[in-house]
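Biologist: I would love a close look at one part of this structure, taken slowly enough that I can follow along on my own screen. Could you pick a chain, walk me through it, and then say a little about its surroundings?

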Amino acid sequence: MRLLPAWLRASPRLWSGVALLGLVPLITRDAYVLQVLSLAMIWAIFASSWNLAVGYAGLKTFGHQAFFGIGAYVSALSAMHGGLSPWVTMWFGAVAAAVVGALVCLPLLRIRSLPHLAIVTLAFAEIVRILCSNLVDLTRGELGLAGIPPFTPLSVPGLGLVSFGPADRASTFVLIWSCLAASLAFLGWLVRSRTGLIIQAIRDSQVAAESLGVSLTRYKLFTLTISAFLAGAVGAVYAHFVLVLTPTSALGIALMVQMTAITLVGGIGTLQGPLIGSLVLTVSAEGLRMAGDHRMLAFGVLIVLVVLFAPRGLARLDLLFGRPSQAAGAAR
Amino acid sequence: MTIRTWIRGAVGAVVLALAAGTASAEVKVGVVLPASGPAATTGISLRDGMRLAVNEWNARGGVRVGAGQQSVTMIIEDSQSRPEVGVSGAQKLLSRDQVHFLIGEAFASSVSLAIMELSPQFRTPIMSGQSIATAISNKIRDDREKYRRFFKANFNSDVYAIALRDFTQVMRTQGRLPAGGGRIAFVVEETDAGRSNVADVSRLLREEGWSVATVEVVPLNHTDFFPQLSKLRALNPDLVVTTFTSPQAGASFVRQWNEQGMRMLHAGIYYPLITEFARLAGRSTEGMVWLPKLFDPDRVALHRDFAQRARASLNREINTDVAYGYCYMMLALTVIDAAQSLDPDAIVAELQKVDMPCVMGRYRFDPTNNTAMVGADYLSAPIAQVQDGISHIIWPPALASSEYRPAGSR
Amino acid sequence: MLRLENVSVFYGAFQVLWDVSLDVPEGTTACVLGPNGAGKSTVLKAMAGLVPVRGRVLYRGQDISRLPAARRVGLGMSLILERRRLFTGMTARENLLLGGYLLPRVRRDERLREVVSLVPGVDALLGKRAGDLSGGQQQLIAIARGLMAEPSLLLLDEPFLGLSPKAVNEVEAIIMSLGRAGMTIVFNEQNVRKSLAMSDRAVLLEGGRLIAAGPSAEIGAGDIVQRVYFGTHVAQGGAA
Amino acid sequence: MMTPMFLWEQVLNGLIAGSMYALMATGLSLIWGTMRVLNFAHGEFFMLGAFFALTAFELLELPLAPAIAVALLGVFLAAVLVHRVTVAPLMRQRGWDFSTIAATLGVSIVLQDIALMTWGERFQSLPYFVEGIVHVAGVRLPAQRVLILLAVIIVVAGLVTLLRFTRFGMAIRAVASDPEAASACGINTPAIHAATFGIAAMLAALAGIILAPIIAINPWMGVPPILKAFVVVVLGGLGSLPGAVIGGYLLGIIEALGVAAFSSEWREAVALTVLIIVIWLRPQGLFGQRIREA
């Protein structure tokens, strides 16, 4: 055990959970199950990026859907028009989101009031959505950007050429799972690093951190940039997974609501929270397909109940989650 | 939470996921439509229309399969108008429920564009509903082999544009519009329908020497058009074209247009055919030109019969979307019945040669792009004008029951 | 008149008051003594109902432990909070009228005139914005606001905090005159000698626990006060 | 095309749209000012107001004025219930500023869905309260729109009177200024909070009711107005009533002129950009006091 890095040793449950998730393609090749779990993992990474800003750094923003969408559109457009492989353009998307994140952070640094922060970030995300919706020549707006290439095939030793098209749900699953594992490993390492501890100190008390000589500006800027980078990268993965983008689906407020619900339900400020929240909500949302029109109601009620009775989320609710029937019950 | 819990949870979910698909002796038609979210109004109307078709077939004993008949089950999945949600639903219907026919998506073009990427992996025939994006047809045309099992049951978005262009040509010969091409202004909503109408109409009219005065795009369900109307009055274009998908937005526009005493030629696309529109807009519609005049339960006998039958069965207001939904399901069940088999290839073969009259027109697919054919015989976009409270078709001449009458000539 | 029986107070997971029992007889002026962090303000807030308590709070023999602060005002208890806490955006007059919030309209205007005569100097301030007044003036308004409710028990939390020496004397004179007029008063104050001189009875706290209670003269005569103030200096350093 | 007449017309259009923003923002600001809660469910009270009025008018067939009164009362009760169940318990916890935002976000989704179940997804509408066309300084306006303008002015004046000159209004201001001190004065702070929440919701509901004849009544109609109201309260200064009213009119005019200068599609973007510029230059908004640290 000593050989393992600290971040891995720190949360054995999370990592065994992630490892188990990676085994799913060995158990089933059901395209639907893989599709749903792939989406759940995408939302988990996205929620994790927001969780870094909100849960760890206390930067209570409501505009992360903008970074997700920027990553998605930048990657999709440069792959379509530049003829580059999504493996490359994905990083364009992430960097673009990170740059915008850093720029947005500058005015935010002056704002310490929570509602102002919430409203301004929401406004910013709406501006990005409107831009995207109106630049029809570039993005095709609400007509939908179609014809986005999937990730190009990779040559894997022992397996030959592995492709990631709509027909290859298992390989795509493994690809997204790798992104999830890498993101969580990175975040796990980050929040335990010196920088991570300073970030959390800022969350707990800006004044105290400031009085210790910590540069709030630098750390907030750093956190939001990293967080936007991650959101942009997963947005790009989403684009090359779903293959169609519309401003509403990749930048809409519904995305923000979903992300908030996932993070809060799972447990804000914990590494495993977004993953748990995403699995529980996505799987139960699929289960609730039969309930049809009232899926959103379940989302809303769940947010209210969690905030009222389990403000620390399911990740810290050992009692509830300890019952094995719970996860299966959610899927029913 | 222990490792054991994780395992149990994961295994439980997977087992549950695997256990659901069971075979039975019935014909399963899957439908992906927006049952919640911004387009839920349309989605729910479509669903009700489809249910009516299913009920009618089942009342007759079902569709022919092999020697006997099998009853039909409809399985609905919600897309929330979001591509990834729609794709998940389609995946479920195709791989888990193993439906014999998929209508997906019944409404949003963006969702249909996403779902059609699934088509090459499955043998099941897939048909999009009201999605009008030309991109869908172009993709099928460009790769016939890949998308041979994907069909598009609505015409392309440029149908409206073509109808409008031809109409303006007539108007120009009558001297009602400037001979060398005039100035056109758009007020449309921020949807694929709104955007594509602007693109198609302005492209066609520019070729005829027209210029675009302004394009005003408003959010979905927008209802305060006074700033736009003030601007239109200041610009004074020769023709104003509007597109909305909600009858409310359209009614608000027409009402406010009237209240502001606007005199320009105004053509409304899509929203006036929604039955609720006439009720909401009242007398303000007088003189307005609109298209497509497809569903008219007040005057067309076929439509009236359908509306009565549907109202009795569904106990709800019958609008164009209900009729559309009915026709899509009729199409699906007709081809299965004709194939007398649940074999996907047999069904696809029937789709290729289907020629089915329905409430909304005659359905036949263009073999070059698997798209519903357009024209006076098939689906069409007749232009009507409200004259003394009644919508009369004024174009194409073959169908016309009246001639264009300028405002104030009553 | 007011009794605390085994009162404990928690702020979240932290316990700040441990099993405090004490008695304030009618007509007396009592002071609460103790070093910083001893729980003096908390005792007053527990009396006024601004913090939830375990144990019992009795007022004229009635258990008021579960009554919210606003209801206790109606029973004749009035708390003047630390640092005045006026409604700074409103005029002094509006502040006073709010003090008489529970009185019927006619009685409230009458009471305003009475209070103005009870607290010298308030009259001239009535039209001014409370936020613009000096600390001493604000404290006068705060006391006047507390009196508006026609209390029989007046609780004053750190009435002299942050005041100029001149203002301290003015406020002290008002408190003394109210005490002489027969009102039951409980106050706390850092200055031990001044507190003992102003009061009939004294309560001594340390680290949230009651150390001693009794007539001010007795408490002042013993060395317990000195022990507490001197001793805790060391003990607190360890605890904090 | 930028003739003075055209500009005047656009300003007037902006004032009418802005009066609705003002009404929404006033309620939002009132809630923030009194209990420091950012109410994400405010738009749903706008929606409920319209639906209650529709039900009272069409189903119960009440005359217009009683129908409006019933709807307002209904929304007041609904809001008090929401406050009692979600906001009030959360305010007793630590760090409730974020949890109330999250909870009201959840409530807004729940209310949308309840409306969907109760009234269906169909777009509905109320008839005009008044018919006819009025000429205002050379501009044609339907009487209904003039009514909106007047109603909002009357309501805002009424609200100011309530807050300034009544015992209840003073109590609200006292609670807003210092809840603990207000309790020490005998003011039942939780009850004032609940009542304020209810009154603020009634303002939103009123906006929904008088707009009902000219907009689509549907379960999701509350989303656009709350985004506008957010912009307005930040523009005017959170918690400032004059800020909310003037900010509302300002936003309306900015938007109308934005349509004139650019195109409708950029209207929201223009408004949001103005917001971000204001935040940059003057974080407390146009009329706000210095912002307290969150």
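Modeller: What follows is a walk through chain D, then its interface, one residue across from it, and another chain for context. Please keep in mind that this is a predicted model.

Let's begin with how chain D is built. DSSP gives chain D 11 helices and 2 strands. If you trace the chain from its N terminus, the order of elements is α-α-α-α-β-β-α-α-α-α-α-α-α. Chain D has a radius of gyration of 19 Å, close to the 19 Å that the globule rule gives for 294 residues, so chain D is as compact as a globular protein of that length. Turn the chain along its principal axes and you will find that the C-alpha trace spans about 60 × 50 × 35 Å.

Next, the inside and the outside of the chain. Of the 294 residues in chain D, 64% count as buried. Consider also the contacts in chain D between residues at least 6 apart in sequence: 77% of these join residues at least 24 apart. The surface that chain D exposes comes to about 10,300 Å², and carbon and sulfur atoms supply 71% of that area. As for charge, chain D carries 15 positive and 14 negative charges, and the mean positions of these two sets are 11 Å apart.

Now to the partner, chain B. Here 32 residues of chain D are in contact with 36 residues of chain B. The size of an interface is often given as the accessible area lost when the parts come together. For chain D and chain B, about 2,800 Å² is buried between them, with 50% of it on carbon and sulfur atoms. If you want residues to highlight, try E121(D), F123(D) and R140(D): these supply 20% of the area that chain D buries against chain B, more than any other three residues.

While you have chain B in view, have a look at I136(B). This residue lies in helix 5 of chain B, which covers residues 134-142. Its relative accessibility is 0%; buried means under 20%, so I136(B) counts as buried. Who surrounds it? Leaving aside residues up to four places away in sequence, I136(B) touches S109(B), S112(B), L113(B), M116(B), S131(B), F150(B) and K152(B). For a sense of how the chain folds back, compare I136(B) with Q352(B): these two are 216 residues apart in sequence, and 17 Å apart in space from C-alpha to C-alpha.

Finally, some context from the other chains. Chain A has 18 helices and 2 strands. The radius of gyration of chain A is 19 Å, close to the 20 Å that the globule rule gives for 332 residues, so chain A is as compact as a globular protein of that length. Its C-alpha trace spans about 55 × 50 × 50 Å along the principal axes. Of the 332 residues of chain A, 64% count as buried, and the chain exposes about 11,600 Å², with carbon and sulfur atoms supplying 68% of it. Chain A has 21 positive and 10 negative side chains, and the centres of these two sets lie 12 Å apart. As for chain C, no contact joins it to chain A, and the closest C-alpha atoms of the two lie 15 Å apart. Chain B and chain C are not joined by any contact either, and there the closest C-alpha atoms lie 25 Å apart.

Conventions
Residues numbered from 1 in each chain as written. Chains lettered and ligands numbered in written order. Predicted model: local features only at pLDDT ≥ 70, side-chain atom pairs only at ≥ 80, totals over all residues. Heavy atoms only, no water. Helix = DSSP H or I, 4+ residues; strand = E, 2+ residues; numbered from the N terminus. Rg over C-alpha atoms; globule rule 2.2 N^0.38 Å. Buried < 20%, exposed > 50% of the residue type's maximum accessible area, 1.4 Å probe, protein only. Areas by Shrake-Rupley, 256 points an atom, 1.4 Å probe, with all protein chains shown as cover. Lys, Arg positive; Asp, Glu negative; His and termini not counted. Charge placed at Lys NZ, Arg CZ, Asp CG, Glu CD. Contact = heavy atoms within 4.5 Å. Buried area = accessible area lost by both parts, 1.4 Å probe.
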